[in-house]
Each structure stands twice: as C-alpha cells, then as structure tokens.
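Take a look at the model below. Then read on for a short tour of its parts and contacts.

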2 protein chains.
Amino acid sequence: MRILVVGGVAAGMSAASRARRHDPHARITVLERSDWISYGACGLPYVLSRDTRGDPGDFGVLVARTPEQMQDQGIDVHLRHDVTGVDAAARTVRVHDRDTGRTRTEPYDQLLLATGVHAARPDWAARDVAGVHVLRDIPDGQAIEADLQRGARRAVIVGGGYIGLEVAESLTRRGLHVTLLEHAGQVAGRALDPAYRDLVGQTLRDAGVDLRTGTQVRGLHTRAGRVTGVETQDGPVSADLVIVAVGVRPSTDLARAAGVRLGRSGAVSVDARQRTNVDGIWAAGDVCEVTHRVTRRRVHLPLGLAANRMGRVAGVNMVGGDARFPGVVGTAIFRVFDRSVARTGLTQDEADAAGLDAVSVDLSSRDHAGYMRDAHDLHVRLTAERGSGRLLGAQFVGVGDAVKRVDVIAALLHSRGRVHDLAEMDLAYAPPFSSVWDVLLVAAGRLGKAVREGQTGRPPPHPGA
Amino acid sequence: MRILVVGGVAAGMSAASRARRHDPHARITVLERSDWISYGACGLPYVLSRDTRGDPGDFGVLVARTPEQMQDQGIDVHLRHDVTGVDAAARTVRVHDRDTGRTRTEPYDQLLLATGVHAARPDWAARDVAGVHVLRDIPDGQAIEADLQRGARRAVIVGGGYIGLEVAESLTRRGLHVTLLEHAGQVAGRALDPAYRDLVGQTLRDAGVDLRTGTQVRGLHTRAGRVTGVETQDGPVSADLVIVAVGVRPSTDLARAAGVRLGRSGAVSVDARQRTNVDGIWAAGDVCEVTHRVTRRRVHLPLGLAANRMGRVAGVNMVGGDARFPGVVGTAIFRVFDRSVARTGLTQDEADAAGLDAVSVDLSSRDHAGYMRDAHDLHVRLTAERGSGRLLGAQFVGVGDAVKRVDVIAALLHSRGRVHDLAEMDLAYAPPFSSVWDVLLVAAGRLGKAVREGQTGRPPPHPGA
C-alpha cells in the first residue's frame, strides 16, 4: 500500500500521521512544495507581533513536527517538491524536485490532495514588487519580518478580514503607522453582523489604525522596484510595506488536472469520508468544501481545526479504516488589539440569506460580576429560529478569553439544541468569572421570549452604545 | 392573593420579582431578618480583597436591588423581621419586628421559605469571641473588615472549602500572614479528585499560605474576650483573626416547625415546581435539595445560580403559573490566587460512590497555543461512563477564564452527551485562545479510547508534575 500526500501543513501531516498509526506497513510519502511542514499558519501574525516564545522573529516556534520527526514515524517527507500532474488512470503523479531540477513519476495506491489555499492577489498586486506581501506561510512571514528589520515605518493593509485585522495589530505593536483599506463599508464583513463589525472598526481606530472603509485600491506606487505607496480612488497613501489580505482561494489546479470535481464554492467536493469523485483520490483541509451542520449546505470555510480534522479522517480512510468528518458549525475566533471576537453558527444576515426565519437578541453586559474591577464589556448576539426556538448562532465581542463562551453555543449547535436548552443550563458562576446569570443565560432568556412572541430581533445600530 | 416570602437574598428576591411580573395584583411581602436584601454573597471575599469597584470596604456594591427599588416594583420589604413560627393550617406566620420589639401574625395564601443556609460552627466556635468570624452575609464581611482596619496581622482560617480558599486569598492580599487549617488530608475535598486538590494546596503554599492539613482544632485562645490563637492537636497557632469556614447547613428550623419534610441531605425536599409537602408552602434556594441531573439523585448543593433559578420557578408557580426547575449538573468555579478551578458533573470519586462504572483521563496542556507567551498550564480531568461513553464530569485547574471551558461540559451533561459528541465539536481556535485542538478535544479523544478499551483511568498522582 502506497500513500501519497500532496501538501505537508495541517491536513496533509494529520493524514500522514493517522494513516501511519492505523497501518504500520503502508508506505507513506508527503510531497511539500515549500521548505516547511507541519506548522501553525494561524500563528504567523503573532511571531510578527512578538507574542510568541523563543527568539524574536523565529518562525520555527510554529512548527509542530519536523521532517526528521516524521521520518522517525516512518513517513517520508520531501521538501521543495512540486507535484505538477496526476494520471488518475495510471495512479501516478508527476513530481518536480526543485533541488535537483529533475521531474519524475511517482506511483500511488491512494492519493491525498491537501494543497490548501493561496492568498488572492488582485491585478494590481500581481507584479513582484519589494515590500508587497501576503501572509499565508512562513516564507511570507519571514519576508515581512525582513522588511520590518529593514526599518519599515508605514504599512498599508489591504483587506479587513481575519488576517488583515490580526496583522493590523501586529504591525501597530511593532511601532508602524498602519492604514487599513477595506473596499466594503465595514471590516470583518464575512464574520459578523453590521453592528458587531462596527465594534471591530472602532477598536482599530481606538488603537490608532487609520481605517478607511469603502476604499478601492487602484494600484501601487514604486521606486526602484520597491513599493512607496498605494493608489486609491481618494488619492495615494504612502507605504513602505503593503500587506495584501483580500481573502484566499482553494488551490485546486492539481485537483482539476486530475478530473476531481469541484463544488459550487470552487473548492473540492468530497464526501464525509473525504473521498473525491475520482477513484483513489482523496482531499482534505482548506482545499475542500465542508458541510455546515446548521444549514446542511456545502461551503468553503478554510479554518485550522477543520483542516486538521479532515486530514485525520482521510488518513484513517486511505488505509482502509472508516472515519467520517462531522462537518463544522462555523465557529471562528480572533483577537484584534484589546478586543476578542468570536462567532459560531450563522449571523442574522447569513440566516436570512439561507432562507431561515431567524430572530436575534443583543445584550451588552459584563464578562465578570458587574461589581468586580476586572469586569469588561461583553457584547453578545444570539440568533435562533422563530417558532422552533432552534439555536442558529452567536456573535461575541469582548476582552480576552471571555468570548470563548462561543464554545457553549457551538456545543448546542452540534446537538441542534434550542434556546430553552441554553436557558436551563447550570453554567459556572463565581464573581471573578461571570455574573450569577451568565450573559449566555440572560441572552437566552430574552431570545426565548423573542422566539415565542415573534418579536423582531433587528439589531440596534450599536450594541456598544 | 397574598404571597409571603421569608428571606430576601437570592431565591427570595428572585421569587418576589417573578411573582410580581407574572401577577400584577398579588400582594407580595418579603420578610428579611437582616438589614440587607438582594446581594451577591459570593462577592464577599472580593470586597475584602479590594477586587470590587467603589470605595474600599464598601459592601453595598454587592447589592443588586435596594428595598426602595423593590417597593417601586410593588413588593413590600420588611427588614429586621424574624419569622418565628408558621401555622400551616391557619396559613399564618408569627413575625417578630426587631425595631419595635413587637410580635405579630401575618396571613398568607402562599408562603415561600427562602431561608438559605447558615455557617456551621463547631463547638469550640460557639462562644461569642471578638475576632472570630464566619463569612455568610454582609454583616460578617463588615465585621472582618473592621478587624482588618483595626490592624489584624495574623489570620487563621479553619476549613479549606470554597469560602476558606477564597478568604485565604483575600486576607493574604490584604497583607496578613494566613494559616489555613484543614482537618482532612487535602483542601477542596468536596469539589475535586485528589490530584487536583493537590494542585490547589500547592497554589496556597506557593502564595505564602501556611497550609496545615490533617489538623484538628481543639479550641480558641483568648485574652479579654478577643481571640489570640487557635489550639490544634499539634499545638497553638497565634491569630488575631479567625475565620470559621467549615461548611454550611440548611436553615430548616422554620420548615420543620411548619411540618415541612426534609430530604436525606437534611435540606428541604421539594418537587420540580419547588412545592413542599405542606399545602401552600414552597421552598427555594440554598435551603432546598436539588435534582442532580447526572445521577438523578436529590442532593444539597447550595450555589448562587441554582438559588436564583429556584426562586424564579417558585415565584411563577406561587401565583398560578407553571415553571419547573431543571436541576443542576454540579457546576462550580472558584479562584484561588493566580489559579482558577472549575468542575461540573461528577468527580471520579463521586461517580464511584454513585455506583457508576466511570473512567477518567487527565491532560496537562496549555490554555492557548503552546508557542504563545501568554499560554498557561491547564490541567483537565474528563470523566465518562465506560461502555456507553456518556460524559459524567470534568475538572479544570488553570489560570483566569480558561477554566470557563467547564461550561461546554455542563452543556453536554444537560443533554446527556457522549465523549464522542465532544470529540467532534467545532470549538473556537486562534492562537491567543487555544491550541488548534483545544484541550477539551484532546481530552475527549483520549477518553474516547479509554471508554472503549476499558482502560483504567486511575489518576497519576500529580497531573501538574
């Protein structure tokens, strides 16, 4: 049995390890195009911000397992190997070894595509200009770090999604003047309903970020091959460092070349066992669609935990086991300066778009007992289906770990729990941790009423006001 | 309709407010023996430690609603009123007004006993000695504060339960030398399994508390009516402040006088609607037994959230509504110095005692991604039923809000979830909040194996080692 894994980060390495654990005899090979495997890409902004252990600027702390450690487990890892083609009928791939410059053919019995995503680049960012970066992998991070050490002072970040927001914090904390350009009217547009996006935007401004929403980037200004600014419809913004964070796209070239079917989202379509439509070819991680358990739809939601989990599922199945990926409920969390943001399930906007009859309540309260000095504001939106009372989602904006409460809602979404179930829960109370009625319970009490009374749950414009 | 509520703290005031909301016409009277109503007794240690807002030593910050505010809601509140007897046949109570010194009879249609608990006092603490305190209510807190301001330097705390542990922190942070005497071999005996109790004990010692376990108190040393020390079997310990925190007892005198049945635990026996066996008499809050949803047994677990919830249920039912108390799953949380501790469901010891075939796994990991500077140790024990895989409980020792993860397990216990359900959950991941596989998921993965393989989950002696 010969297992070939293309891509050695989250899904790929999880698959290889699981396959090895379930089948001590299979020959397992991982082909990775870069110099790095098995690292936590989500940690890249935190190496830049100096939030990580180890030496300043050491991206190696993000590596969970080295090629040598994988080798010790009996997994062959080949770095700097590009897989350039697949012959699904012959069950071979074409591999280009960048060190030797040679191309060879590798046979497989089972092939896993774990090619992940790549950063989208608008036309104006297509050229290779010094000082212009995306932040997807360790070399990207190292290139940004090098520019910082070269003395970059003014950064422009294009795009206000998770990465853009996190990098805005990183670079501000490194002492740069940061301008964030977002083409939409608000940042965090895919994660939150409008009032909660406003809280995030306000957080950026309070931290000194020059946030410009509704801004289109037209091009770059350069001098001697290095960026000096960004041209917008409102004029130029000077910059010696530009981060392009306008989203990611599934890296499906290889899948398409192999005849693997993509879903409507543009990501690879797989079943719950991570099998593609092509015999002997599996896919896992950010390159794949996943089932959203709340809507039952197939969506592209590239996030770390799901990628690792899909990898494990594929690894078990490729050596003859039977594992299934349970899908996601759309949980995400991020920090931006002194604020933490989390969400799970559907926003009101997403529920509306999915054709659900949804209602939301908003609560602005405190994370700990109100009389405690260390209590901070915690804004919660809870969304449920009118009538049935089924919970649909939650959004949180607060401080520190307080927003990890999102996991309670994620747990309820897994079991298709109702608002009433939440309202009855015996949640932990002591003054340093919550009010006697935790914000989740208060919100559930109100939402229960809204669900029954058919009240409109339309948001007040600013939950923090 | 005349509603009489005896006791004006958590359950009593919740009941009065709910009754008022559901019946605008009922005559609602609250009789409270002390000068205070509607306060968060759990906050008492934090006024002492100066963790609360407002002026130093101001216990008023703990008050949620004043008698005047209740009056505005149409609820009569009588302070300094002792209810000394009940005639259940005549539906009257005998009330002693301490201000006037007069005793009168009050009629009722529905009577709620919300008399709470009182601090247990061993024989040696029965005498009224200056400098010897319990900490149950605001006057207790004020008396301790007065002793602190009088210049107390050496405190002895007797008892290592929640209150004793919290007060050890409060007094240490006020600059006192604190000795904690515990008759058992470890502190936190009712909350945690042995290895986790050790972590709590170590925390006390690291913080400079002189912790002496296995210590019996024989009596007090006094001079001129003021305490000067505590006599133990190992000799005397000098002290100018002694806190007796050896547990609480349900205040059932009135209930017994009225012919109300108590349960095996010694607390008042009620049904899910908070009805006692005596027609027209209800009970709610810490004076009652509750149903433990994991064991389905009736237990006495006096905790703030359940007290408030029972009060609401009783309030609705006393005015003709139909509400039910869903029971508890045994969730509790506390802070002791720089460590946070939480538990829900059953410990392994409790599961064994309940005759369940339980297995536990222990995990010592980090609350945030391991490469983050702000990651702290997080020790987790997860317990499940062998074979069925039903989750039975969890214990956490960590830092800050990280242990609020206990609420995810509490949510699962409510739905009688299995280990497998937890393992599949889409929990929130970003490096400042967790590892990609949150400790809950890692623990669930291991416990799933233990449950299937029938491994023994007997604890390693020190999870923190």
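This report covers annotated regions, a helix pair, the contact between chains and some salt bridges.

This is a predicted model: local features need pLDDT of at least 70, side-chain atom pairs count only at pLDDT 80 or more, and totals for chains, interfaces and linings use all residues. Residues are numbered from 1 along each chain as its sequence is written, chains are lettered from A and ligands numbered from 1 in the order written, and side-chain values use heavy atoms, without hydrogens and water.

**Annotated regions**

Two annotations for chain A come from an unreviewed UniProt entry. The record places "domain: FAD/NAD(P)-binding" on residues 1–292 of chain A. It places "domain: Pyridine nucleotide-disulphide oxidoreductase dimerisation" on residues 336–436 of chain A. Positions follow the numbering used here, feature names are shortened, and annotations may be inferred rather than shown by experiment. Helices (H or I, at least four residues) and strands (E, at least two) are DSSP runs, numbered from the N terminus.

| Span of chain A | Distance between end C-alpha atoms | Helix | Strand |
|---|---|---|---|
| residues 1–292 | 33 Å | 23% | 29% |
| residues 336–436 | 28 Å | 20% | 34% |

**A helix pair**

In chain A, helix α1 (residues 10–22) meets helix α8 (residues 304–318). Their axes come within 7 Å and cross at roughly 35°. Axes are lines fitted to C-alpha atoms, for helices over the stretch in contact, and angles run from 0 to 180 degrees between N-to-C directions. The crossing of α1(A) and α8(A) is right-handed: the near helix is turned clockwise from the far one by less than a right angle.

Which residues of α1(A) and α8(A) make the contact? Among them are A:Ser14 and A:Arg18 of α1(A), and A:Gly311 and A:Arg312 of α8(A). Contact means heavy atoms within 4.5 Å. Six of the contact residues are nonpolar, five polar and two charged. Here Ala, Val, Leu, Ile, Met, Phe, Trp, Tyr, Cys and Pro count as nonpolar, Asp, Glu, Lys and Arg as charged, and the others, Gly among them, as polar.

In chain B, helices α1 and α8 pack at an angle of about 35°, with axes 7 Å apart.

**Between the chains**

Chain B and chain A each give 65 residues to their contact. About 5600 Å² is buried between them, and carbon and sulfur atoms give 58% of this. Buried area is the accessible area (1.4 Å probe) that two parts lose on being put together, summed over both. In chain B, B:Tyr371, B:Asp426 and B:Phe433 lose the most area to chain A, together 14% of that side's buried area.

**Salt bridges**

A salt bridge is a side-chain nitrogen of Lys or Arg within 4 Å of a carboxyl oxygen of Asp or Glu. Two cross the interface of chain B and chain A. B:Lys404 pairs with A:Asp438, with the closest N and O atoms 2.6 Å apart.

Over all chains, the count is 64. Within chain A, A:Asp35 bridges to A:Arg80, with the closest N and O atoms 2.3 Å apart. A:Asp35 lies in the loop between β2 (27–31) and α2 (44–48), and A:Arg80 in the loop between β3 (75–78) and β4 (81–87), so the pair ties together parts 45 residues apart in sequence.
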